[in-house]
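Open the model in a viewer and keep the sequence panel beside it. The stops below are given in the order in which to select them.

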Amino acid sequence: MTTTSPVSGLTATATAGDFPAGTVEPDYVLTDALGTDPASVFAGVGPADRAYWDRARRFVQDEVLPVIDGFWERGDYPLHLLKRLGELDLLRDGVPVEGFPAMSRMAAGLVNMEISRGDGSVATMIAVQGGLALRSVAECGSAVQQQRWLPAIAAGAEYAAFALTEPTHGSDAVALESTATVTAGGFLLNGEKKWIGNGSVGGVTVVWARGEDGQVHGFLVPQDTPGYTATKIEGKLALRAIWQAHIRLDNVFVPDENVLHGARTFKDTARVLLATRLGVAWSAVGHATACYETAVQYAKQRRQFGRPLAASQIVQERLARMLSELATMQLMVVQMTRLDEEGALTPEQASLAKFTCTRIARTIASNARDLLGGNGILLANRVARHLADIEAIHTYEGTETMQALIIGRGITGTSAFS
């Protein structure tokens, strides 16, 4: 009998009676959606919201999971998946757009969660294009700008970026130093931006810069505008399947018709960021769900000491702990989203959701990675990719420290930062 090792590809010859079949590792099936809902927090999800969730799950199972490991490993951007998100109406993050059906905040959260259960880079496409860029135009753009850009961005027909963070201003984004100087017929933008998703793929970038009045304003900048230079950031160890750019703005002319006249101060920028912060919490739930469900499936299929890992007391305790932590996250995002739908969500509550969920997601991912042993570092076994990507969402939309200071300000009534 001729045998081939699934790991090395080497061929060896042995008789049927001699070959140690127990040395051949099985093909683990780790990507099934288990419908994990230990506290039944999703039992009340209505048909319209459920339809969005189901559509996102089919997209993840059929189109994302079969290809994403290769894109992630190569650091390549599957732009076709961004277009598919638009075609499936999964890109809007709950932003109302004329001609599109209603999408509730709960539906947007469920989509964020489900896409993140598939992959963090693909979920970040929604966060950037829908949560930040689309919302900026919807919140701050004129009727003409909204008519021009909203349908195209929502459908994935145009790429869109959101350029706020600067190389020297991350957490203190309110102190940004890129400038907007009045000139004949518009403004000249100068400065640099960093970590700008979609900033180098063509399309439009919403650039935030400080005007001569000292206030922060928003500008719609097509990426082929002279003076706009975007370089893909290399060497990332997280969210490798979406490109972030380092942008240089060198006397970039923006005509008056491309000024977001509803963006008059940093408070308008903060309004957009507040809306997306809860979305990051939902994404953390998705990542944690993927790690937990992978651990469950692996524990049932992997045999050690003559029995499945799932038969070990310590493994069952670890799975129970992960499930408890996941339930905590689910309860928090659902309750905060209900408050958001009522218009009652506070900045402190949004920060609490992000602070809590990304921290717990890191814990669940680490536990799952360890439970898979050496197999836990392989892309094919899913957990390592999520473990790495959680590190990015733990930072973006405000680091843990900044969320803690926002929460602390609410507790004490005293701000510990400018």
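## Starting at W282

Select W282 in this predicted model. Setting aside neighbours up to four places away in sequence, W282 contacts F42, M106, G109, L110, N112, M113, V333, V334 and T337. Show these side chains and leave them on for the next stop.

## The cores

Which residues touch the most other members of the largest nonpolar core? They are F42, W282, M329, I364 and L371, in a core of 47 residues. Colour the helices that supply at least two residues each: α4 (105-118), α7 (266-301), α8 (313-341), α9 (347-371) and α10 (383-395). With 13 residues, α7 gives the largest share of this core. A separate core of 31 residues includes L90, M103, I115 and I242. Give this second core another colour.

## Along α8

Next select α8, a helix of 29 residues. From the first C-alpha to the last, α8 reaches 42 Å, close to the 42 Å expected at 1.5 Å a residue. Move on to G343, just after α8, where phi is positive at about 75°.

## V41, beside α8

Go back along the chain to V41, in the loop between β2 (11-13) and α1 (47-64). Is V41 buried or exposed? The relative accessible area of V41 is 12%, under the 20% cut-off, so V41 counts as buried. Its contacts, not counting residues up to four places away in sequence, are Q330, L331, V334 and R338. V334 is also on the contact list of W282. For a distance across the model, draw a line from V41 to I196: their C-alpha atoms are 35 Å apart, with the two positions 155 residues apart along the chain.

## I233 and L239, in one loop

Keep I196 selected and add I233. The C-alpha atoms of I233 and I196 are separated by 9.2 Å, and the two residues are 37 apart along the chain. I233 sits in the loop between β8 (228-232) and β9 (244-255). Beyond four places in sequence, I233 contacts K194, W195, Q244, A245 and H246. The relative accessible area of I233 is 14%, which makes it buried.

L239 is found in the loop between β8 and β9 as well. What is the phi of L239? It is positive, about 45°, although L239 is not a glycine. Most residues other than glycine have a negative phi. L239 is buried, with a relative accessible area of 3%.

## E397, another positive phi

Select E397, in the loop between α10 and α11 (400-412). Phi of E397 is near 65°, a positive value in a residue that is not glycine. E397 is buried, and its relative accessible area is 15%.

## A123, on α5

Turn to A123 in helix α5 (residues 120-140). At a relative accessible area of 4%, A123 is buried. Leaving out neighbours within four places in sequence, A123 contacts N112, I115, S116 and S283. Two of these names lead back to earlier stops: N112 is a contact of W282, and I115 is among the members of the 31-residue core. The C-alpha atoms of A123 and R57 lie 12 Å apart, and the two residues are 66 apart along the chain.

## The whole chain

Clear the selection and zoom out. The protein has 11 helices and 12 strands. Along the principal axes, the C-alpha atoms fill a box of roughly 85 × 45 × 40 Å. The radius of gyration is 23 Å, which agrees with the value near 22 Å for a compact globule of 418 residues.

Buried residues are 52% of the 418. Among contacts with a separation of 6 or more, 75% join residues 24 or more positions apart. Switch to a surface view: about 17900 Å² is exposed, with carbon and sulfur atoms supplying 55% of it.

Finally, colour by pLDDT. The average is 94, and 96% of the residues score at least 70. Where is the pLDDT below 50? Residues 1-12 fall there, and this stretch has 19 contacts in the model beyond near neighbours in sequence.

Definitions and conventions: Residues numbered from 1 in each chain as written. Predicted model: local features only at pLDDT ≥ 70, side-chain atom pairs only at ≥ 80, totals over all residues. Heavy atoms only, no water. Core = buried A, V, L, I, M, F, W, Y, C linked by side-chain atoms within 4.5 Å. Buried < 20%, exposed > 50% of the residue type's maximum accessible area, 1.4 Å probe, protein only. Helix = DSSP H or I, 4+ residues; strand = E, 2+ residues; numbered from the N terminus. Contact = heavy atoms within 4.5 Å. Expected span 1.5 Å × (residues − 1). pLDDT = per-residue confidence, 0-100. Rg over C-alpha atoms; globule rule 2.2 N^0.38 Å. Areas by Shrake-Rupley, 256 points an atom, 1.4 Å probe, with all protein chains shown as cover.
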